[in-house]
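Open the structure in your viewer and keep the sequence panel beside it. This tour goes from one selection to the next, with a short note on what is there at each stop.

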Amino acid sequence: MRPDILNPLFAEAKTLDGVGPKLAKPLGKLGLERVKDIAYHLPERFVSRRAIANLDDGAEGEQVIVALTPTEHRAPYNPGRGPYRVLARDEIGNICALTYFGRASYTAKKQLPVGEKRWVAGRLDRYGDMLQIVHPDHVEVDSAAHLARMNEPVYPLSEGLTQPKVAGLVAQSLKRLPELPEWIEPGQFEREGWPTWHDALHLAHKDAHEKARDRLAYDELLANSLALLLVRADGRRRKGQALKGDGRLRAKLALPFEMTGAQKRSISEIEGDLQQEAPMLRLLQGDVGAGKTVVALAAMLIAVEAGKQAALLAPTEILARQHYETLRKMAAPTGAEVALLTGRAKGREREGLLMGLLNGEIDILVGTHAIFQDSVTYKDLGLVVVDEQHRFGVQQRLALAGKGRRAPHTLAMTATPIPRSLTLAQYGEMDVSRLDELPPGRQAIETLVFPQARMDEMVAGVERHLATGQQAYWVCPMVREANGSFEQADIAAAEARYAALAERFGDSVVMVHGQLAPEIKDANMERFASGEARLLIATTVIEVGVDVPTATLMVIEQAERFGLAQLHQLRGRVGRGSQKSRCVLLRSDELSENGKKRLTYIKDSQDGFYLAEKDLELRGGGELLGTRQSGDAAFMIADLEQVQKLLPAAHADARLLIDRDGGLTSARGEAARVLLYLFERDWGVQLLRGG
């Protein structure tokens with residue numbers, strides 16, 4: 001149960017004055033549903049204004065505060081067609097136009113009566129021969145009130161919210177802040193010269209207070225590190241089972257290639273972990289095509305050799321089926337029984353599967369989240385493999401871990417190379433193995449960049465490609481807007497592209513996207529995988545796991561819309577066979593500087609770990625940190641720079657706290673429990689209770 005001291009922070013936003021159903025909607029769009037959310041809704045920047053005695057003292061483009069007296073209101077000749085201007089003079093007679101567009105003119109009429117002096121805050125610009133301030137930020141009657149506007153926070157908004165409204169709600173929220181116990185280690189607190197939590201939140205809303213911001217970011221990173229380390233400690237505390245394989249099944253694997261050094265090293269690390277009673281918690285990080293599936297199969301065969309069962313959890317049905325087919329073929333010579341369980345298994349088929357699991361006939365189960373439903377019982381589950389780890393929350397993984405007689409070992413896999421600086425942030429509870437070599441025979445994929453204007457040439461090129469008997473992917477950046485309309489004319493929707501290409505290529509074209517019914521999606525994928533369909537139009541649903549060796553051309557439309565890591569993942573869908581493969585990036589005519597860099601990097605490099613570092617430089621951590629889903633919140637406060645600067649210390653402090661006080665029962669440990677609840681990492685506290 002959440003500590004009572006936090007109740008004021010978790011009260012609903014509607015308990016604040018002025019928040020009714022109308023305001024709750026735009027607040028909800030920003031995720032501001034509780035008092036805590038609003039208190040932590042930090043300004044994205046601050047506007048620094050200078051008070052000037054008259055307009056001669058101000059510079060064009062400068063944010064100023066100046067006393068002006070309106071002399072004339074000028075409405076446009078055609079109401080609603082032009083700006084509404086209020087001419088005003090300063091104390092030495094200079095004239096400035098205060099310019100309003102649209103409905104804002106009603107505000108001007110009320111706020112700026114002719115002949116009455118007002119303090120006006122805004123950006124000083126010039127229109128023709130006249131100085132002007134367009135849509136003044138503030139108009140004050142009180143001569144002292146302008147001083148409060150000299151350094152003003154600017155908050156992220158959604159439609160229906162204004163800066164004054166958000167600032168007012170923030171002020172109300174800050175008044176409700178309780179005094180919380182200090183969870184930061186005293187030496188660290190003194191060294192950094194940080195304010196208390198209570199003071200830090202107040203200061204962070206007043207100006208760009210670096211120490212206050214760092215303190216709040218550190219709190220979040222400490223909470224995250226603590227929770228992840230509690231997961232690790234909980235796993236090690238659980239009574240696991242040592243799995244010692246004798247190699248008899250692995251010796252029967254007839255692989256058509258020699259394993260890389262990185263694969264052999266990773267298998268050795270996993271085998272060492274499996275031989276311990278403490279359950280393994282290891283992340284296998286592999287670049288596109290680095291051979292994670294072989295490593296996972298070797299790990300699962302060790303479990304089967306030891307008389308246990310293994311389960312592989314995939315995030316989507318497409319990926320689960322792909323894994324099942326691959327593992328079934330690879331494991332066939334070993335005699336290990338591989339089965340598939342998804343949410344679509346019904347009736348006798350499902351009953352047969354469940355019985356086979358319970359009596360031990362099934363050695364390896366592949367499936368979606370259906371494999372950890374209450375009705376699924378294993379005879380003796382020894383190893384869980386979680387593919388695309390970032391798509392599952394800690395709680396889901398713990399649910400699967402509860403399926404064994406004793407805590408099973410866990411191997412998590414991701415094909416998304418993660419920069420080393422972020423590995424702690426996302427996987428602080430895990431040991432990490434890296435597959436940083438590509439198997440021999442994997443050819444480099446030729447990567448070309450074409451302007452969107454050459455679309456006709458591109459389609460003709462695809463036609464020639466398909467005529468040779470090979471297959472191709474065509475990836476679009478979105479499906480369609482929820483209301484069925486396209487966002488704007490230049491956005492290629494998968495459905496629109498499919499319609500155009502199907503008209504040209506007939507029924508050899510199929511489409512896959514996230515909004516299709518699962519059975520249609522699977523049928524289309526099956527037609528493509530079998531070679532019956534030659535061209536697959538898709539969204540990023542094919543980003544991971546799709547493996548069709550005869551697909552040797554990838555077209556990515558509006559490639560500048562994708563991140564580097566995503567482009568690299570998509571490109572990795574080709575180049576999986578022995579034939580030369582190409583990836584064509586179609587770009588828009590207008591590219592941002594970052595867009596140009598992204599396309600240059602992806603064209604020049606095929607090293608996923610290098611590209612992940614470059615992606616981080618270009619986009620910041622939001623995209624990567626924001627991949628935490630299903631109960632694992634992305635960082636709300638800490639930005640990339642703070643993660644890199646503060647995470648090592650936060651992680652070290654969390655480790656120190658758990659080593660000294662595993663149950664968090666000391667005064668600082670109790671404060672740390674409050675921190676875990678504050679940042680909603682309360683599953684960490686549940687693990688403490690369970691232990």
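**Stop 1: a partner on a strand**

Select Glu446, which is partly exposed with a relative accessible area of 28%. Bear in mind as you look around that this is a predicted model. Now add Arg582 to the selection: the two form a salt bridge, and their closest N and O atoms are 2.9 Å apart. Because Glu446 belongs to strand β18 (residues 446-451) and Arg582 to strand β23 (residues 582-587), the pair ties together parts that are 136 residues apart in sequence. Arg582 is partly exposed as well, with a relative accessible area of 38%.

While you have charged side chains on display, pick Arg34, Lys36, Asp37 and Glu680 too; salt bridges that share partners join them into one network.

**Stop 2: the sheet around β18 and β23**

Switch to a cartoon view and colour the strands of the sheet that holds β18 and β23. Six strands make up this open sheet, running in the order β18-β23-β22-β19-β21-β20 with parallel pairing. At the edges you will find β18 and β20 (509-512); each has a single partner strand, so one side of each is left without a neighbour in the sheet. From one strand to the next, the twist averages 20°.

For a detailed look inside this sheet, select strand β19 (residues 471-475) and strand β21 (residues 535-538), which pair in the parallel sense over four bridges. A handy marker here is Ala472, which stands opposite Leu535 in β21.

**Stop 3: the seven-stranded sheet**

Next, find the open sheet formed by seven strands in the order β13-β14-β12-β15-β16-β11-β17, where the pairing is parallel. Which strands stand at the edges of this sheet? They are β13 (338-341) and β17 (431-435), and since each has a single partner strand, one side of each is left without a neighbour in the sheet. The twist here averages 20° from one strand to the next.

Zoom in on strand β12 (residues 309-313) and strand β15 (residues 381-387): they pair in the parallel sense over five bridges. Ala310 is a good residue to label, as it stands opposite Leu383 in β15.

**Stop 4: the largest pocket**

Turn on a surface and look for the largest pocket, where about 1400 Å³ of space lies. To centre your view, select Thr293, Gln322, Thr326, Asp547 and Arg576, the closest to the pocket's centre of the 43 residues that line it. The elements giving two or more residues to the lining are α10 (292-305), α11 (317-331) and α17 (518-529). Which of the elements gives the most to this lining? It is α11, with ten residues. Colour the lining by class and you should count 22 nonpolar, nine polar and twelve charged residues.

**Stop 5: a salt bridge along α11**

Stay with α11 and select Glu325 and Arg328, which form a salt bridge with their closest N and O atoms 2.7 Å apart. The two residues are three apart in helix α11, which means that about one helical turn separates them. Glu325 counts as partly exposed, at 34% relative accessibility, and Arg328 is partly exposed too, with a relative accessible area of 36%.

**Stop 6: the enclosed spaces**

Rolling a probe the size of a water molecule over the atoms shows where empty space is left. In this model there are three cavities of 30 Å³ or more, and the largest cavity has a volume of about 120 Å³. To outline it, select Asp287, Val288, Leu438, Arg442, Gln443, Ile445, His568, Arg571, Gly572 and Gln606. By class, this lining has three nonpolar, four polar and three charged residues.

**Stop 7: back towards the start of the chain**

Finish with Glu12 and Lys14, a salt-bridged pair whose closest N and O atoms are 3.4 Å apart. Is Lys14 buried or exposed? At 57% relative accessibility, Lys14 counts as exposed, while Glu12, at 45%, counts as partly exposed. If you would like to keep exploring charged pairs, the structure holds 34 salt bridges.

How values were computed: Residues numbered from 1 in each chain as written. Predicted model: local features only at pLDDT ≥ 70, side-chain atom pairs only at ≥ 80, totals over all residues. Heavy atoms only, no water. 1 Å grid on protein atoms, 1.4 Å probe; cavity = no way out; pocket = protein on both sides within 12 Å on 5 of 7 lines; lining within 4 Å. Points joined across faces, edges and corners; volume = space filled by probe spheres on them. Nonpolar A, V, L, I, M, F, W, Y, C, P; charged D, E, K, R; others polar. Salt bridge = Lys/Arg side-chain N within 4 Å of Asp/Glu carboxyl O. Buried < 20%, exposed > 50% of the residue type's maximum accessible area, 1.4 Å probe, protein only. Pairing = 2+ DSSP bridges. Axes fitted to C-alpha atoms, helices over the stretch in contact; angles between N-to-C directions.
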